[in-house]
Structures are given as structure tokens and as C-alpha cells.
Amino acid sequence: MSTKDYIEKDYYQALGVTKDAAPADIKKAYRKLARELHPDKNPGNAEAEAKFKDVSEAYDVLSDEDKRKEYDEARTLFAGGGPRGGNFGGGAGFPGGGSTFDVSDIFGSGAGAGGGGLGDIFGGLFTGGTTTRRRNVGPTKGQDVDAEVTLGFDEAVHGAMLPLQLSGPGTCRTCHGSGARPGTRPHACPTCGGSGFISSNQGAFGFSEPCRDCRGTGQIIDDPCPDCQGSGVTVQTRTINVRIPSGVRDGARLRIPGKGMPGTRGGPAGDLFVTVHVGAHELFGRKGDNLTLTVPITYAEAALGTTLRVPTLDGSVALKVPAGTASGRTLRVRGRGIDKRGGGNGDLLVTVEVAVPQKLNAEAREALEKYAAAQADDPRPQITAAIRPTEKNHG
């Protein structure tokens with residue numbers, strides 16, 4: 001990330017969020033824009049591809065707490081009338097007049113031996129005489145990537161291996177990141193001598209700013225690569241096989257280390273985070289590691305008891321319904337549920353519901369009336385006792 005990027009690019013505007021946006025809002029905005037500008041949805045659309053790169057670059061900075069802090073501090077300094085090439089003259093609040101002013105004297109404190117902070121950003125921007133200071137940046141871990149997959153109910157229960165296609169900025173395969181057409185190569189910028197900065201004296205102070213001819217890169221590309229137009233970066237699609245473990249639940253977020261965006265300057269790749277969505281099953285439901293199933297039974301089966309064959313995910317099993325089973329009772333078949341992460345299986349929970357016939361033929365009605373006369377027991381004695389005698393006579 002060059003100093004020019006921190007000064008001039010508005011990453012918040014690129015993502016359509018406010019400066020005080022929460023990390024969750026930034027992530028939501030990025031994912032929405034990434035879907036809309038995805039190369040697969042906009043084939044051959046160079047403008048969409050360029051915006052996709054800008055959105056990815058903005059998210060790379062704003063999703064990282066340290067990078068975002070540096071970016072905000074840099075833009076605040078310049079927006080507030082900070083050093084932009086004016087004559088500082090050695091007044092109050094700056095190192096003594098007549099001496100060379102180095103912005104790192106102000107912003108470098110507190111950075112610690114490990115560097116970092118605004119001193120690193122602006123240490124190469126303001127210098128004395130014609131000397132330039134360059135930011136010393138080590139290996140950086142690549143950006144994490146978020147993806148979503150939708151599984152069938154059976155796939156979530158048993159596990160699956162899924163190919164996942166990911167698109168994002170990557171080193172151009174044609175020019176290998178140089179930005180120059182194959183067979184040619186960039187050469188040092190004659191304006192800045194390859195430093196990426198030009199310096200000028202302002203009285204007792206020296207001022208250094210990004211070179212306008214090479215845009216701070218220190219290199220000039222006479223014949224740009226036709227695939228990346230000189231950027232050295234193209235949007236690339238790669239396929240990753242992701243193993244979904246058995247028993248995964250709807251909404252689970254899986255982490256696949258090292259499968260995110262590649263790192264820079266030899267840094268490790270970021271991680272891939274996959275959010276899993278599980279479709280519904282036409283028969284089964286899920287409650288933790290248990291499968292749920294609702295089975296209709298007749299009144300005679302509930303009253304007399306019976307043995308049913310009920311389905312499982314991998315076959316069927318016998319279920320004994322005791323005599324006198326009430327509608328809504330749940331019966332448990334042990335070990336026929338979902339694989340548990342620590343070993344073993346959940347259970348199959350079968351809820352029986354008495355099916356009441358909507359219509360009766362004459363024979364069935366006669367039999368049912370004989371049953372009602374023979375079965376004189378009141379099924380609701382407490383309710384009957386609570387009703388006053390006068391109400392009984394008018395019922």
C-alpha cells in the first residue's frame with residue numbers, strides 16, 4: 001500500500017459505508033458488492049472488473065484493525081491541513097527552526113522496535129534535503145475469504161466433499177505481476193530515478209511526495225500487459241475441494257486454513273471461512289444430534305397398540321407403539337440419529353399423531369357408535385366435575 005493510496009483513495013466510499021461503520025457493516029457491504037461485481041456475473045465487463053478490484057482493495061484495508069487505524073490517521077492528518085508541501089518554517093510545535101524536519105520525529109514515537117504507526121507511513125514522505133525514507137514492510141498475511149455453500153439434508157448428515165469456486169485478485173499469469181507485455185519489462189522512472197518519490201526544498205525543509213509520472217511505483221511500463229493493463233493483477237477463479245464434516249448444522253462456519261487470498265512479500269495465505277446452509281428434508285427434522293419424525297396412526301392402533309416400520313436416513317426400523325398411546329407422544333429409537341462429533345449417534349424421535357377420519361361410511365359409523373356405548377368411562381372427569389349442575393342440564 002503506497003502513501004498515495006492512503007492519502008487519495010476513499011475506501012469508505014468504495015464500499016458505500018460511513019467512516020464509523022462497524023466491522024460487521026463493512027463486511028456486509030463488501031459481500032454485497034462482491035456478489036454484484038463478480039466477474040462470473042459480468043463477463044467481459046472491464047468496468048465491473050476494475051470496481052471489483054477497488055472493492056477488494058478497500059475491504060483488505062478496512063477489515064484489518066491496524067490497517068484501518070493507520071488509514072484513518074493518515075487521511076485525518078491531510079484533511080485537517082497537515083503537511084502537503086507547505087513551508088513549516090520551524091515554528092512552534094515543530095522541531096527547532098533551521099533544522100531538517102522529519103515527520104517520523106512526531107509520529108514515530110510509540111511505534112516500538114517493531115515499527116508501525118504513522119511514522120512508517122510518512123517516514124518516506126517528508127525528509128530533509130533530497131534524502132528519502134522508504135517504509136520497511138515485512139511479509140503480510142493474505143486476506144481471509146468468506147464463502148457460502150448450500151447442502152442437502154442427507155449431505156449435511158453424512159458429510160460431503162464439495163468443489164468450491166472462488167474468484168478474486170491474483171498475480172497476473174501472463175506477465176507474472178510485472179505489468180509489462182511478455183518479452184518486455186519495466187524500466188526505472190527517469191523522473192524520480194526509480195525511488196517512487198520526488199523531493200523539493202521549502203526553505204529549511206525538504207518535502208518529498210509520490211512521483212506523478214510513475215505514481216509512486218518507481219517504474220515505467222512502456223508496453224502494458226494486455227491481460228492486466230499494466231496493473232500486474234487480474235481477477236482469477238480457482239477451485240478448492242472443501243470437506244464438509246458429517247453432522248454439520250445449518251449456519252455453521254467452517255475454517256479452512258491457508259485457502260484464502262495469497263500473502264504479500266512471502267507472507268502466508270489467509271484463511272477460507274465457509275458458511276453452511278442446510279436444506280429441509282421432506283420427512284425428517286433435526287433437533288441437535290437427533291432426527292425427528294412425525295407418524296400418523298389410527299385410533300385403533302393407538303388404543304390397541306401396534307408395531308410400525310418407520311423410515312430412517314439409511315433404511316427403516318421397527319417401532320413398537322404401546323397400547324393406550326396418546327396422540328402427540330414421542331417415542332425414541334436409540335442410535336438412529338446423526339453422528340456425534342465426539343463419537344456415537346443421536347436418536348430418532350418419532351412423534352405419533354392419531355389421524356381422525358374426515359368421513360365415515362355407514363358400517364364404520366355403526367361400529368363406532370357401538371364402541372361409544374360400550375366404553376362408558378368419562379375421559380374428562382375433572383372437567384365434568386367443574387361444571388355446575390345447571391350448566392350440565394343446558395349443555
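1. A good place to begin is strand β8, where the side chains alternate: L254 and I256 are buried and point to one face, while R253 and R255 point to the other face and are not buried. This and everything that follows is read from a predicted model, and a reader new to the structure should keep that in mind throughout.

2. Strand β8 belongs to an open sheet of 3 strands, whose order is β1-β9-β8 and whose pairing is mixed. The edges of this sheet are β1, covering residues 145–151, and β8, covering residues 253–256, and each of these two strands pairs on one side only. From one strand to the next, the twist averages 25°.

3. What is the sense of the pairing between β8 and β9? These two strands run antiparallel and are joined over 4 bridges, with β9 spanning residues 272–278. Within this part of the sheet, R255 stands opposite F273 of β9, and R255 is also one of the β8 residues whose side chains point to the face that is not buried.

4. The backbone at Q229 deserves a careful look, since Q229 has a positive phi of about 55° although it is not a glycine. As background, most residues other than glycine have a negative phi. Q229 sits in the loop that links β6, residues 219–220, to β7, residues 233–244, and with a relative accessibility of 58% it counts as exposed, because the cut-off for that class is over 50%.

5. V233 lies in strand β7 and, at 28% relative accessibility, counts as partly exposed. Although V233 and T171 are 62 residues apart in sequence, their C-alpha atoms are 4.8 Å apart in space. Leaving aside residues up to four places away in sequence, V233 touches K53, P169, G170, C172 and C228, and two of these contacts, C172 and C228, lead on to the matter of the cysteines.

6. How many disulfides does the structure hold? The count is 0, and the distances for C172 and C228 can be set against the cut-off, which requires two cysteine sulfur atoms to lie within 2.5 Å. For C172, the closest cysteine sulfur is that of C175, at 3.7 Å, which is too far for a bond. C228 is likewise in no disulfide, and the nearest cysteine sulfur to it, again that of C175, is 3.7 Å away. C172 is buried, with a relative accessible area of 2%, and C228 also counts as buried, at 2% relative accessibility.

7. The second largest pocket encloses about 260 Å³ of space. Its lining includes T298, Y299 and A300, the run V354, A355, V356 and P357, and also L360, A364, A367, L368 and Y371. Which elements give two or more residues to this lining? They are α9, residues 299–304, and α10, residues 362–374, and of the elements involved it is α10 that supplies the largest share, with 4 residues.

Technical notes: Residues numbered from 1 in each chain as written. Predicted model: local features only at pLDDT ≥ 70, side-chain atom pairs only at ≥ 80, totals over all residues. Heavy atoms only, no water. Buried < 20%, exposed > 50% of the residue type's maximum accessible area, 1.4 Å probe, protein only. Contact = heavy atoms within 4.5 Å. Pairing = 2+ DSSP bridges. Axes fitted to C-alpha atoms, helices over the stretch in contact; angles between N-to-C directions. 1 Å grid on protein atoms, 1.4 Å probe; cavity = no way out; pocket = protein on both sides within 12 Å on 5 of 7 lines; lining within 4 Å. Points joined across faces, edges and corners; volume = space filled by probe spheres on them.
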